[in-house]
Amino acid sequence: MKISLLCFLLPVVLASNAPEDWTCAPLTQITSSVEGCVASSSYQDGVWRISTSTATSGVGASNFCVISLSGEGVHESQDFYVKARFSSGVAGRPGPFGGITFNMEDDDNANYVMMRLKLPVAANVQMGKIVNGRGHNLAQSRSANRAVQSGAATLEILVQGDQETVWIDDVLEESISSAQPFFVAPGHVGFGFQAVTNWGAIVVEGAEVCTPVSCTDDDGVVHMGGDEWENDDGMHCTCSVDGISCSCPAEGTSCPGGTSQWQEPGTCNIMCIRPPGHCHSTGDPHYKTFDGMYYDFHGQCTY
């Protein structure tokens, strides 16, 4: 799964619409980008500061500068949640036009949700696909999104069970959520910027990606969070955010008098055994055997 972000300014915000039992990781490291389209970038204390250049991509509403970012589990998960807040330190001009790209096959092919900051127009939020570096709009907001118009907004995208849901400043963006992604295979996530101009002083805060919990057992089988199964040793196992935990069924084995239960380590196999016995020998030749019997015996013997 790939995701890219189009950038703006705001404070770091905790994920609010991510499923509770998923695990989240910040997007803290650029893994790749179109050479030359990122003029500069830095990350500190949860805040990205980025400037872009059209020197490589060329100026154009269909041209995009896309940055791939790393986040735990983001490359393998079909379902995911991604969030970031965008703003700009440049006053007096619209923009930047950017947001999140996801299910990225590479830096030139991905889905995107873009916010056109500071634009008071109906279509200031757009959802589409990037094919060979060029954007294709698939859906847009029917009325101007006021948070985007203000110049700073938090974008959240949840893809779960082939259903895409988009929120801006925690408000459902229905016209965008009704559109479905073009690319559906898991890929990278990241930031994406429409290359209508060079964007400077882009600020992206609190960028993170969340994915369902998964666990891999000793046989290499992957289980999702909440899965329950019985392993080869008869133990009942569950997968959770803490990993795999296994336990034996509550019902026990009854043992006859004079014996007690013994469980084979690492399994649910229970046996009834007698209390520990002891043997010793003294003098020449006095024996006490494990069953408490006494013998005097000369010569070789087996017991």
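**Exercise 1. The pairing of E4 and E5**

Task: In this predicted model, determine in which sense strand E4 and strand E5 pair, and over how many bridges.

Solution: Begin by locating the two strands, since E4 covers residues 38-44 and E5 covers residues 47-52. Following the bridges between them shows that they pair in the antiparallel sense, over six bridges. To see one bridge in particular, start from serine 41, whose bridge partner in E5 is isoleucine 50. Finally, look at how the strands are connected: E4 and E5 form a hairpin with two residues between them.

**Exercise 2. Aspartate 45 in the turn**

Task: Find what is notable about the phi of aspartate 45, and decide whether this residue is buried or exposed.

Solution: The place of aspartate 45 is in the loop between E4 and E5, that is, in the turn of the hairpin. Its phi is positive, at about 55 degrees, although aspartate 45 is not a glycine. The sign deserves attention because most residues other than glycine have a negative phi. For the second part, the relative accessible area of aspartate 45 is 69%, and exposed means over 50%, so aspartate 45 counts as exposed.

**Exercise 3. The peptide bond before proline 96**

Task: Establish whether the peptide bond that joins glycine 95 and proline 96 is cis or trans, using its omega.

Solution: First place the residue: proline 96 lies in the loop between strand E7, residues 80-88, and strand E8, residues 97-106. The omega of the bond between glycine 95 and proline 96 is about 5 degrees, and the bond is cis. As background, most peptide bonds are trans.

**Exercise 4. The surroundings of glutamate 156**

Task: Work out which side chains make polar contacts with the side chain of glutamate 156, and which side chain of opposite charge is nearest.

Solution: Glutamate 156 is found in strand E12, residues 152-160, and it is buried. Its side chain makes a polar contact of 3.1 Å with the side chain of asparagine 17, while another, of 2.4 Å, joins it to the side chain of tyrosine 81. The nearest side chain of opposite charge belongs to lysine 83, 7.4 Å away; a salt bridge would require a distance within 4 Å, so glutamate 156 has no salt bridge. Beyond its sequence neighbours up to four places away, glutamate 156 touches several residues, including Ser16, Val82, Trp167 and Asp170.

**Exercise 5. From glutamate 156 to aspartate 170**

Task: Describe where aspartate 170, which glutamate 156 touches, is placed, and give its phi.

Solution: The place of aspartate 170 is in the loop between strand E13, residues 163-168, and strand E14, residues 171-172. Its phi is near 70 degrees, a positive value in a residue other than glycine. Aspartate 170 is partly exposed, with a relative accessible area of 47%.

Notes: Residues are numbered from 1 along each chain as its sequence is written. This is a predicted model: local features need pLDDT of at least 70, side-chain atom pairs count only at pLDDT 80 or more; totals for chains, interfaces and linings use all residues. Side-chain values use heavy atoms; hydrogens and water are left out. Helices (H or I, at least four residues) and strands (E, at least two) are DSSP runs, numbered from the N terminus. Buried means under 20% relative accessible area, exposed over 50%, partly exposed in between (1.4 Å probe, protein chains only). Lys and Arg count as positive and Asp and Glu as negative; His and the chain ends are not counted. A polar contact is a pair of N or O atoms within 3.5 Å; within protein, one must be able to donate a hydrogen and the other to accept it, and residues adjacent in sequence count only if both atoms are side-chain atoms. Contact means heavy atoms within 4.5 Å. Two strands pair if DSSP finds at least two bridges between them.
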